[in-house]
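User: I have a model open and some terms to sort out. Can you take me through them, one by one?

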Amino acid sequence: MPPIVQLGHPALRQRSLPYDGQLNSGELSAFIALMRRVMHAAPGVGLAAPQLGVPLQLAVMEDHFDADPEISDVRQRHPLPFAAVLNPEYTPLGPEMAEFYEGCLSFNGYQGVVPRYRAVSLAYTDVAGAPVERTFEGWQARIVQHETDHLHGTVYVDKVLTRSLCSNAEYLRRWASPSIGEARQALGF
């Protein structure tokens, strides 16, 4: 499988090209299947084409990880069925934000608290070429925003509350509680 490019790779900092048929349907299906395998192997809940060094506005998302019920409740984390989205654009559905730790397969080994809109509307094109508009809330909205940001050259560290940034080991040892209150107090963010 191809490697996931890491922070510092130029593909992560450029606005991706809109998808307008650069791949035929067979190539597109094969690339989406490859992205899904890479995402699962990482493991992750989303992957954008630039993370494989391909500057196209294409992302895949899927979240079926078992999470502690208390964490799932606080973070509004519910299963997200597999979706492949072309040319996605999100619009906030109100001003309400949520702050939680998140990580990125392209900044492997670290997590940080990122403020994200609690609910968004996502307009995109599906693999059949049809326009779609869907609403996402909670953790699903976080995934949508994270992956769409990748397509615009934004990595979560551009939005992270920097004092919250920590290694995965420190996160698991100290801050993996349902909310970020304890981390906020101890780290001063």
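Analyst: Here are the terms, each set against its definition. The model is predicted: local features need pLDDT of at least 70, side-chain atom pairs count only at pLDDT 80 or more, and totals for chains, interfaces and linings use all residues. Residues are numbered from 1 along each chain as its sequence is written, and side-chain values use heavy atoms, without hydrogens and water.

User: What makes strand 3 and strand 6 a pair?

Analyst: Two strands pair if DSSP finds at least two bridges between them. Five bridges join strand 3 (residues 80-92) to strand 6 (residues 119-125), so the definition is met. The two run antiparallel. Threonine 91 stands opposite serine 121 in strand 6. Strands here are DSSP runs (E, at least two residues), numbered from the N terminus.

User: Why do strand 1 and strand 7 stand at the edges?

Analyst: The open sheet has five strands in the order 1-2-3-6-7, with antiparallel pairing. Strand 1 (46-48) and strand 7 (131-137) each have a single partner strand, so one side of each is left without a neighbour in the sheet.

User: Why is the largest cavity called a cavity?

Analyst: A cavity is a set of points on a 1 Å grid over the protein atoms alone, where a 1.4 Å probe fits but cannot get out. The search finds one of 30 Å³ or more. Its volume, the space filled by probe spheres set on the points, is about 40 Å³.

User: Which residues line the largest cavity?

Analyst: Lining residues have an atom within 4 Å of a point. Among them are Arg75, Phe100, Tyr117 and Trp139.

Note on methods
Helices (H or I, at least four residues) and strands (E, at least two) are DSSP runs, numbered from the N terminus. On a 1 Å grid over the protein atoms alone, a cavity is a set of points where a 1.4 Å probe fits but cannot get out, and a pocket is an open set with protein on both sides within 12 Å along at least five of seven lines; lining residues have an atom within 4 Å of a point.
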